[in-house]
Amino acid sequence: MSTNPVQKGKSKPAPIATCSTVNRRTNSEFVPVWALDIDSEGLLQASDRARCGGTALLGTTPVPPNPQKGAEKSGSKGFDFNERPVVAIWETTQACDLACVHCRASAQPARDPGELSSDEAKYLIDQIAEMNIPVFVLTGGDPLKRPDIYELVNYAAAKPKLNVCLTPSATPLLTEDAVRKLHDSGLHRLAISLDGASEEVHDSFRGIPGAFEHTLKTIQWANDAGQQIQVNTSITRRNIGQIDEIAALLEKFKISLWSVFFLVPTGRGQIEDLPNAREFEEAFAKLYAISRRVRFHIKTTEAQHYRRFVLQRKFEESCAEIRRSQGGSRDESPALTPHHLRTGLTPARPGVNDGKGFIFISHTGEVYPSGFFPLRAGHVRRQSLEHIYRDSSLLRALRDPERLKGKCKVCEYRDLCGGSRARAYALTGDPFAPDPCCDYMPPEAAGA
């Protein structure tokens, strides 16, 4: 994320939208952080699978051809994204000894003297706990560049119902002793990045030799320590052809979640590395196929339309099952309509998106909709996080589906998906524009 976000009143040129094409549990349980029993509603939308459009609510129950009226309105019960997010991410520092080609933070080796102090960090953690935000992620840069990081992990982990995750960089600071110390400090989940199935591809991403080997060692260290681990992969044109190979490599380890990030061209991320909309769909097909056979969960970040893809696939499978059981033809299958999006086929709450169930706090205290979305919503040194999240005009607008434009506004999946607001802003200068990397054309938009 840029440290000099675009301020209100200053124009931003609209780049060409190149995508367009017309409390700890054992690692063996593989329990997703967001699916933990945190409140009476179960936080189903916050689960790994619900976030990425997975199968948590889909099941195999056939969709009724004639849905009854009066079904529960979406979002009428449970977790209210207008009140609090599911996930709060704090960029502990921008200091990092890697030089990743896609780094959203444009990280650098030295720490910023303006970083939140230890006391300020603890006060932020207090606010996150008081808001009952279930998932707190410490990211960077490299969090291990902060000498107080173990103290802060321990402080956060002591908060009831707060699941603490940390994303270190694979540098000499990340040792087997460091992994064990984080585990002993109460860390719920360690997240490590793996961006290629080979040393050549991964190390070219990370900018230093040996990063690939170090990453695999770290995963094994976490397995040996009983530390739950998540693997993050950033998908660009450099590695989109290795999705199957990366998945096969991960199957050799015990991991809880494979979090697949799709590039937003911000920070060091370059528009030339951004896959197009058709390549997104092809990647979704691979991820969905992989998800049917692996033991770990898969979710996407900044690919909200993967939820639409999965829903369509699940619906097709349900229809096929109906045809097989009844001996019917394809033409007799029920049509997927907006009714079905409100009657049990999809999650009962809207999907997480930038500023909607999700919040990002920078190393100096600025608050953004996400780490990929450089429009500032407030500052924790001047306002409470609760006030910023609930009352920021930017965040309120991002949570209002009526503000969406173009095909996203009329899409039947808009509550579940909504498109990447960060990518829309990065590519068009308009945070409410359609996601340029979505290939789907809603019937209402197609008929316009």
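This section describes the fold, the burial and selected local features of a single predicted chain.

The model is predicted, and local features were accepted at pLDDT of at least 70, side-chain atom pairs at pLDDT 80 or more, while totals for chains, interfaces and linings use all residues. Residues are numbered from 1 along each chain as its sequence is written, and side-chain values use heavy atoms, with hydrogens and water left out.

The secondary structure of the chain comprises 14 helices and 10 strands; these elements are DSSP runs numbered from the N terminus, helices being H or I with at least four residues and strands E with at least two. Of the 448 residues, 58% are buried, where buried denotes under 20% relative accessible area, exposed over 50%, and partly exposed the range in between, for a 1.4 Å probe and protein chains only. The accessible surface amounts to about 18,400 Å², with 49% belonging to carbon and sulfur atoms; areas were obtained by the Shrake-Rupley method with a 1.4 Å probe, and for residues only the protein chains shown count as cover.

The 10 strands form an open sheet of mixed pairing, in the order 7-6-5-4-3-2-1-8-9-10. Its edges are strand 7 (297-301) and strand 10 (378-379), each of which pairs on one side only. Pairing requires that DSSP find at least two bridges between two strands. Helix 2 (residues 118-130) packs on the sheet and touches strand 1 (87-91), strand 2 (135-139) and strand 8 (358-361). The direction of helix 2 makes about 175° with that of strand 1, angles running from 0 to 180 degrees between N-to-C directions of axes fitted to C-alpha atoms, for helices over the stretch in contact.

Strand 5 (residues 229-235) pairs in the parallel sense with strand 4 (residues 189-193) over 4 bridges. In this pairing, Leu190 stands opposite Ile229 and Ala191 opposite Gln230. Strand 5 also runs parallel to strand 6 (residues 257-262), to which 6 bridges join it, and here Gln230 stands opposite Leu257. In strand 5, 7 of 7 residues are buried. Both faces are covered, with Ile229, Val231, Thr233 and Ile235 on one side and Gln230, Asn232 and Ser234 on the other.

Helix 13 (residues 421-428) is likewise mostly covered, 7 of its 8 residues being buried. These are Arg421, Ala422, Arg423, Ala424, Tyr425, Ala426 and Leu427. They pack against strand 6, helix 8 (277-291), helix 9, helix 11 (393-398) and helix 12 (406-410). Gly429, with a positive phi near 85°, follows helix 13.

Helix 9 (residues 305-326) contains 22 residues, and its end C-alpha atoms are 32 Å apart, in agreement with the 32 Å expected at 1.5 Å a residue; the expected span is 1.5 Å times one less than the number of residues. Gly327, which follows helix 9, has a positive phi near 70°. Asp354 lies in the loop between helix 9 and strand 8 and is buried, with a relative accessible area of 2%. Beyond its neighbours within four places in sequence, Asp354 is in contact (heavy atoms within 4.5 Å) with residues including Glu302, Gln304, Pro369, Phe373 and Leu398, and also with Arg421 and Ala422. The C-alpha atoms of Asp354 and Phe372, 18 residues apart in sequence, are 8.6 Å apart in space.

A search of the whole structure found 0 disulfides, defined as pairs of cysteine sulfur atoms within 2.5 Å. Cys438 is in no disulfide, and the nearest cysteine sulfur, that of Cys417, is 6.1 Å away. Cys438 is buried at a relative accessible area of 13%, and Cys96 is buried at 6%.

Several loops show notable backbone geometry. A cis peptide bond with omega of about 15° joins Gly140 and Gly141, and Gly141 is placed in the loop between strand 2 and helix 3 (149-157). Asn132, in the loop between helix 2 and strand 2, has a positive phi near 60° despite being a residue other than glycine. Asn132 is partly exposed at 46% relative accessibility. Lys161, also a residue other than glycine, has a positive phi near 70°. Lys161 is found in the loop between helix 3 and strand 3 (163-166) and is exposed, with a relative accessible area of 53%.
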